[in-house]
Amino acid sequence: MNEVKAIIADDEAPLRESLRARLSEVWPELIICGEGKNGKEALALVEQHRPHIAFLDIKMPGMTGMEVAERVSDKCRVVFVTAYDEYAVDAFEKEAVDYLLKPVTKERLAKTVRRLKEGLETGATVSAEILHRLMVRLSREEGSGRLQYVRVQHGDGVRLVPVDEVIYFKAEDKYTTVITREGESLIRKSIKELAEELDSEKFWQIHRGTIVNVRSIARVSRSLTGKGVVKLKDRHETLPVSNRYMPLFKQM
């Protein structure tokens with residue numbers, strides 16, 4: 001096959017640009033004939049350009065990548081680009097479905113490209129039955145409704161940070177600071193939103209502007225003025241605890 005065409009669909013422009021750049025490195029001959037920011041645009045691009053491959057983000061507004069795949073899997077190879085955690089992507093492996101876990105690394109993409117080239121030669125595609133089974137399994141994974149990653153600015157792009165790597169979140173004006181062992185980053189998600197989306201057994205809100213990873217807590221004590229104070233395992237600073245949240249530490 002002399003000319004191979006592909007489309008990219010993701011609602012995050014930096015992630016589309018990053019994937020395009022990575023593809024140009026590992027598969028320079030590949031022609032990216034279109035990019036879309038949602039499922040409907042992806043579907044239109046497939047109909048317009050008839051690409052050999054469609055790189056589809058699973059979670060897109062309007063129509064998900066899975067829904068698009070059900071309609072185009074007989075027309076082109078589909079590669080899912082996903083931020084699902086390691087347990088969920090096991091479903092992809094079991095169904096022998098091509099996928100890329102965000103953030104996409106050059107090494108993982110090179111492996112996918114090799115599989116794609118082999119698949120294009122054999123004409124192999126994913127059946128609608130397999131896609132349906134995958135949708136069912138992933139919907140079960142989503143049932144917990146818990147946040148698994150936060151998207152932070154990283155250089156000129158976006159990096160996905162697993163929440164398990166976060167030591168604590170702290171409100172800063174219109175932003176929230178994400179503190180990990182590697183450093184600090186800003187996100188636009190508020191403390192209130194995080195409190196609703198994080199697993200409350202793993203992350204405790206200890207102040208109106210602070211949420212801490214329970215595994216990062218070394219101990220809690222009271223200051224000379226009687227205020228609660230959290231000592232962290234991997235940081236020198238301490239975190240204040242509001243009186244309303246002190247009862248949380250009775251279970252420790």
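How many bridges pair strand 4 (residues 77-82) with strand 5, and in which sense, parallel or antiparallel? Select the two strands: three bridges join them, in the parallel sense. One position to label is Phe80, which stands opposite Tyr99 in strand 5.

**Whole model**

Zoom out before going further. This is a predicted model. The protein has seven helices and 15 strands. Of its 252 residues, 44% are buried. Take the contacts between residues at least 6 apart in sequence: 54% of them join residues at least 24 apart.

**The open sheet**

Now select the five strands of the open sheet, which has the order 2-1-3-4-5 and parallel pairing. Strand 2 (31-36) and strand 5 (99-101) are at the edges with a single partner strand each, so one side of each has no neighbour in the sheet. Neighbouring strands here are turned against each other by 20° on average, direction ignored.

Two helices to show next pack on this sheet. Helix 2 (residues 39-49) touches strand 1 (5-9), strand 2 and strand 3 (53-57). The direction of helix 2 makes about 145° with that of strand 2. Helix 5 (residues 106-122) touches strand 3, strand 4 and strand 5, and its direction makes about 165° with that of strand 4.

**Strand 4**

Return to strand 4 and colour it by accessibility. Six of its six residues are buried. Show the side chains: Arg77, Val79 and Val81 point one way, while Val78, Phe80 and Thr82 point the other way. In general, side chains in a regular strand alternate between the two faces of the sheet.

On the strand 3 side, the pairing with strand 4 is parallel and has five bridges. Among the residues to label there is Ala54, whose bridge partner in strand 4 is Val78.

**Tyr99 and Arg108**

Select Tyr99 again, the residue opposite Phe80, and add Arg108. Arg108 lies over the face of the Tyr99 ring, at 4.8 Å from the ring centre. Arg108 falls within the residue range of helix 5, 106-122.

**Helix 3**

Move to helix 3 (residues 65-72). Which of its residues are buried? Gly65, Met66, Val68, Ala69 and Val72 are. Look down the axis of helix 3: the buried residues fall within an arc of 160°, so they line one face of the helix.

**Aromatic pairs**

The last stop is the aromatic rings. A pair of such rings is described by the distance of the centres and the angle of the planes. With centres within 6.5 Å as the cut-off, the count is two aromatic pairs. Select Phe169 and Phe203 for one of them: this pair is tilted, with 6.0 Å centre to centre and 55° between the planes. The two residues are 34 apart along the chain, Phe169 in strand 8 (residues 166-172) and Phe203 in strand 11 (residues 203-207), and the pair links distant parts of the chain. Both Phe169 and Phe203 are buried.

Then select Trp204 and Phe249. Their ring centres are 5.5 Å apart and their planes stand at 80°, so this pair is edge-to-face. This pair also links distant parts of the chain: Trp204 is in strand 11 and Phe249 in the segment after strand 15 (238-241), 45 residues apart. Trp204 and Phe249 are both buried.

Definitions and conventions:
Residues numbered from 1 in each chain as written. Predicted model: local features only at pLDDT ≥ 70, side-chain atom pairs only at ≥ 80, totals over all residues. Heavy atoms only, no water. Phe/Tyr/Trp six-rings, centres within 6.5 Å; stacked < 30°, edge-to-face > 60°. Helix = DSSP H or I, 4+ residues; strand = E, 2+ residues; numbered from the N terminus. Buried < 20%, exposed > 50% of the residue type's maximum accessible area, 1.4 Å probe, protein only. Lys NZ or Arg CZ within 6 Å of the ring centre and 35° of its normal. Arc of directions from axis to C-beta. Pairing = 2+ DSSP bridges. Axes fitted to C-alpha atoms, helices over the stretch in contact; angles between N-to-C directions. Contact = heavy atoms within 4.5 Å.
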